[in-house]
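Biologist: Before we talk about any details, could you put the model on the screen for me? I would like to ask how each description is reached, and to hear the reasoning step by step.

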Amino acid sequence: MPHEFRVTRADMADGRELLYFDDDPAYVSGERTRDAVDSRELPQAHAECEIRRDPLTGEFNVYAAHRMNRTFMPPANENPLAPTRPGELPTEIPSDDYNVVVFENRFPSLSMRMEVPEDYAYQVEGQPLFERRPALARCEVVCFTPESNGSFRDLSEHRARTVVEAWAHRTRELSEIDGVKLVFPFENRGKEIGVTLQHPHGQIYSYPYLPTRAQSIRDNAAAYREKTGEDLFDAILAAERAGSRILEEGEYFTTFVPAAAKWPVEAMIMANRPAPDLADLSDEEKAELTSMYLRLLRATDRYFPGVERTPYISAWNQAPVGEDRQYGRLHLQLFSLMRSPDKMKYLAGSESGQSAWISDTTPEKIAERYREIWND
């Protein structure tokens, strides 16, 4: 059954776009409407972002110097993701309440709000070896709830489904931006991860190139297809089902700890069919994914005894935009840097210097722990 919601677009004071995703029946029916105006006095949004290619590794790095002064852990009365309520400071969201909201990031890593001159220098200091180009794409913030306390795992299934619908909606539209190669919804949770705002929220990045992980997945999937004639993602699911790390099998998705999981806590939810991204999912698939994702988050918060909220990164891997879509499949990679209730895994010489990973546990032990607490 379709999930009913209404999308309302608005302009912020500096020209950025804001979208309300309302599942409240009064808004869905049109009985109530969103008409709040951003009353702040802000200069027009502008950013200067670029990407440069490292000739040694072939990887692209993004440079966005204006982010140096972005908001960092403001006091509760200055929370920019809260609704704007009477007698309080105006926020990024002019309404006094909301269901789910998406808006253009005020401090974006990549942006369409740049002026690219005709004589743009596509080489650093005129050196052909050092390729550079403007980071033309779009970064968005997704507010899961108007409440500043709590987390995604605390959402009702109905509201969580609205967030999934928002991710799908934005994936579809951001994929249509000329030059975008990948759309990546994600959430960082916990000060240990490095979040700068505690309000429950996530982000969506679109990239004008394939980042390292997406490029590696694309290359390995293509190589596997050429070598075997088979789909790499189907092969992974079949191999995992024959093993000991499956946490839950659904009609449309499977949750498991990958055989090569590298983080102290890690799990994956993968589409059972070749679904390239969230926008491609049916209503039935979105419903199952929402339920399964909530179960995984709630189990993750029970993983460590005495830890109420396990810090994590929730990364929604989607297929590349364009001709390489066949070499990607929608899957969530959820992982935590926490290795025990009072210790974090820090990336030291081997991991940071050579990307040579050394794990402090095994995927089988991670899966065993998840199964112990999955139905608690």
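Modeller: Here it is, and please keep in mind that this is a predicted model.

Biologist: Let us begin with H201; why is H201 called buried?

Modeller: The relative accessibility of H201 is 11%, and a residue is called buried when its value is under 20%, so H201 counts as buried. This residue lies in strand 10, which covers residues 201-207, and the UniProt annotation "active site", from an unreviewed entry, covers H201.

Biologist: Which residues is H201 in contact with, once its neighbours within four places in sequence are left aside?

Modeller: H201 is then in contact with L81, V141, V142, C143, F144 and E187, where contact requires heavy atoms within 4.5 Å.

Biologist: What makes T290 a buried or an exposed residue?

Modeller: T290 has a relative accessible area of 3%, and since the limit for buried is under 20%, T290 is buried. It is part of helix 5, residues 283-300, and, leaving aside neighbours within four places in sequence, T290 is in contact with E157, A160, R161 and V164. The C-alpha atoms of T290 and R106 are separated by 29 Å, with their positions 184 residues apart along the chain.

Biologist: P94 is found in a loop, between strand 4 (60-63) and strand 5 (100-104); how do you know whether P94 is buried or exposed?

Modeller: The position in a loop does not enter the test, which asks for a relative accessible area under 20%; P94 has 17%, and therefore P94 is buried. Its contacts, apart from neighbours within four places in sequence, are L18, Y20, A36, V37, D38 and T84.

Biologist: And what makes E125 buried or exposed?

Modeller: For E125 the relative accessible area is 75%, and exposed means over 50%, so E125 is exposed. E125 sits in the loop between strand 6 (123-124) and strand 7 (127-134), and has a positive phi of about 55° although it is not a glycine.

Biologist: Why is S355 called exposed?

Modeller: At 63% relative accessibility, S355 passes the limit of over 50%, and therefore S355 counts as exposed. S355 is placed in the loop between helix 6 (349-354) and helix 7 (363-373), and its phi is near 55°, a positive value in a residue other than glycine.

Biologist: Turning to the whole chain, how many helices and strands does the protein chain have, and what makes it as compact as a globular protein of that length?

Modeller: The protein chain comes to seven helices and 17 strands. Its radius of gyration is 21 Å, close to the 21 Å that the globule rule gives for 376 residues, so the protein chain is as compact as a globular protein of that length. Buried residues make up 52% of the 376 residues, and the C-alpha atoms fill a box of roughly 60 × 55 × 40 Å along the principal axes.

Biologist: What does the record say about residues 222-371?

Modeller: An unreviewed UniProt entry gives these residues the annotation "domain: Galactose-1-phosphate uridyl transferase C-terminal". In the model, the chain over residues 222-371 is 33% helix and 21% strand, and the end C-alpha atoms are 33 Å apart.

Methods:
Residues numbered from 1 in each chain as written. Predicted model: local features only at pLDDT ≥ 70, side-chain atom pairs only at ≥ 80, totals over all residues. Heavy atoms only, no water. Helix = DSSP H or I, 4+ residues; strand = E, 2+ residues; numbered from the N terminus. Rg over C-alpha atoms; globule rule 2.2 N^0.38 Å. Buried < 20%, exposed > 50% of the residue type's maximum accessible area, 1.4 Å probe, protein only. UniProt positions renumbered as here; feature names shortened; annotations may be inferred.
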